[in-house]
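Hi,

Here is the structure I said I would pass on. Have a look at it first, and then read my notes below.

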Amino acid sequence: MNISYDYYRAFYYVAKYKSFTGAASALLNNQPNVTRMIKKLEEALGCVLFVRQRRGVSLTPEGERLYAHISIAFEHILSGEQEIAGDKSLQSGIVTIAASEIALHCVLLPVLKRFRNAYPGIHIKILNHSTPQAIDVMKKGLADFAVVTEPFCVSAGISAQSLRAIQEVPVCSSAFSLSTGTVITSAHFKQYPLIGLGEKTSSFRFYSDFFSSMGFSFSPDVEAATADQILPMVKSDLGIGFVPIDFLENENMEQLIILNMKPAIPKRNICILKRKDTSLSIAASELEKLLRAKQAL
């Protein structure tokens with residue numbers, strides 16, 4: 001059957017309010033039009049759906065069976081409309097972000113605070129991964145977008161845009177016989193233990209390439225699982241680590257020694273990655289705008 005949606009909509013409201021007048025008011029229509037639509041629906045189905053009574057109408061057995069199905073469908077439709085209306089007004093919704101540890105601390109957290117204050121009804125989910133893992137999660141559709149540090153490789157279906165550059169520096173604790181500004185060389189790397197991330201991270205790849213350009217290999221003596229573990233390991237006298245300057249902003253520098261390298265450690269970018277074939281939700285799109293605007297300041 002090819003029956004108009006409007007006929008079923010009229011039927012739903014007449015059955016719900018048990019009144020043609022009530023249905024007409026809910027539909028912002030007039031009673032004769034509603035009556036006409038119900039008559040057309042009855043003709044198409046070949047049965048009577050309502051019995052007129054002194055006060056309104058009641059459903060026939062056929063009408064009861066039809067309403068059992070139609071009411072479920074329309075309540076789902078109305079629920080969907082309400083959800084979309086909530087999303088459009090940013091009163092509800094969910095945003096899932098795959099992020100590397102450095103990107104989380106250097107870019108995401110300040111923006112998430114502003115976003116949460118502005119839109120408290122939006123649920124935020126952070127998937128904390130290494131850069132390669134975050135990109136894989138995003139590619140599989142398990143995150144709206146990824147915010148990660150270079151270096152990385154992406155397929156043609158992924159767009160990447162830089163948000164900001166970070167500068168990393170070598171640091172050690174005051175327990176070592178080094179002073180602030182000391183230029184560390186290959187001799188120091190043989191003398192003091194190094195702290196770094198594992199081989200499956202972009203940071204390991206970055207430092208491997210950097211050390212290789214100076215003629216020696218990057219081989220951490222102490223391996224951290226995430227970038228935010230490096231500084232506590234440094235403060236525990238476990239070795240020389242490499243951290244973004246941002247990580248040192250609220251630290252007691254009496255416990256830490258900032259070293260130098262020549263050539264200096266190259267800056268690298270924190271980027272936002274998205275799937276080209278998928279549009280962001282309204283909430284995710286708003287968060288992306290805030291991220292871009294914050295870094296443009």
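What follows is a tour of the local features I picked out.

First, the ground rules. This is a predicted model, with residues numbered from 1 along each chain as its sequence is written. Local features need pLDDT of at least 70, side-chain atom pairs count only at pLDDT 80 or more, totals for chains, interfaces and linings use all residues, and side-chain values use heavy atoms, with hydrogens and water left out.

**Helix 1 against helix 3**

Start with helix 1 (residues 5-17) and helix 3 (residues 31-45), whose axes come within 9 Å and cross at roughly 110°. Helices here are DSSP runs of H or I with at least four residues, strands are runs of E with at least two, and both are numbered from the N terminus. The axes are lines fitted to C-alpha atoms, for helices over the stretch in contact, and angles run from 0 to 180 degrees between N-to-C directions. Helix 1 and helix 3 are therefore roughly perpendicular to each other (65 to 115 degrees; under 35 is roughly parallel, over 145 roughly antiparallel, and the rest oblique). The crossing of helix 1 past helix 3 is left-handed, which is to say that the near helix is turned anticlockwise from the far one by less than a right angle; clockwise would be right-handed.

Which residues meet there? On the helix 1 side they are Asp6, Tyr7, Tyr8, Ala10, Phe11 and Val14, and from helix 3 come Val34, Met37, Ile38, Lys40, Leu41 and Leu45. Contact means heavy atoms within 4.5 Å. Sorted by class, the contact of helix 1 with helix 3 has ten nonpolar, no polar and two charged residues. For that tally, Ala, Val, Leu, Ile, Met, Phe, Trp, Tyr, Cys and Pro are nonpolar, Asp, Glu, Lys and Arg are charged, and the others, Gly among them, are polar.

**Backbone oddities**

Most residues other than glycine have a negative phi, and most peptide bonds are trans. Against that background, have a look at these:

- Glu150 and Pro151 are joined by a cis peptide bond, with omega about 0°. Pro151 sits in the loop between strand 5 (145-149) and strand 6 (158-166).
- Lys262 to Pro263 is also a cis peptide bond, with omega near 0°. You will find Pro263 in the loop between strand 13 (260-261) and strand 14 (268-275).
- Lys18 has a positive phi, near 55°, and belongs to the loop between helix 1 and helix 2 (20-26). Lys18 is exposed, at 52% relative accessible area (exposed is over 50%, buried under 20%, partly exposed in between, with a 1.4 Å probe and protein chains only).
- Asp237 has a positive phi too, near 65°. Asp237 is in the loop between helix 9 (230-235) and strand 11 (241-244), and counts as partly exposed at 41% relative accessibility.

**Around Ser202**

Is Ser202, in helix 8 (residues 202-213), buried or exposed? At 5% relative accessibility, Ser202 counts as buried. Not counting residues up to four places away in sequence, Ser202 touches Thr131, Pro132, Thr149, Glu150, Pro151 and Arg268, so both partners of a cis bond are on that list. The side chains of Ser202 and Thr149 make a polar contact of 3.4 Å. A polar contact is a pair of N or O atoms within 3.5 Å; within protein, one must be able to donate a hydrogen and the other to accept it, and residues adjacent in sequence count only if both atoms are side-chain atoms.

**Ile135 and Ser58**

Ile135 is in helix 6 (residues 131-139) and is buried, at 6% relative accessible area. Beyond four places in sequence, Ile135 touches Phe152, Cys153, Val154 and Leu273. Its C-alpha is 9.0 Å from that of Cys153, 18 residues away along the chain.

Ser58 is in strand 2 (residues 56-59) and is partly exposed, at 22%. Leaving aside neighbours within four places, Ser58 is in contact with Leu49, Phe50, Val51 and Gln53, and the side chains of Ser58 and Gln53 share a polar contact of 3.2 Å.

**One long separation**

Gly46 is in the loop between helix 3 and strand 1 (50-53). The C-alpha atoms of Gly46 and Gly215 are 87 Å apart, with their positions 169 residues apart along the chain.

Cheers
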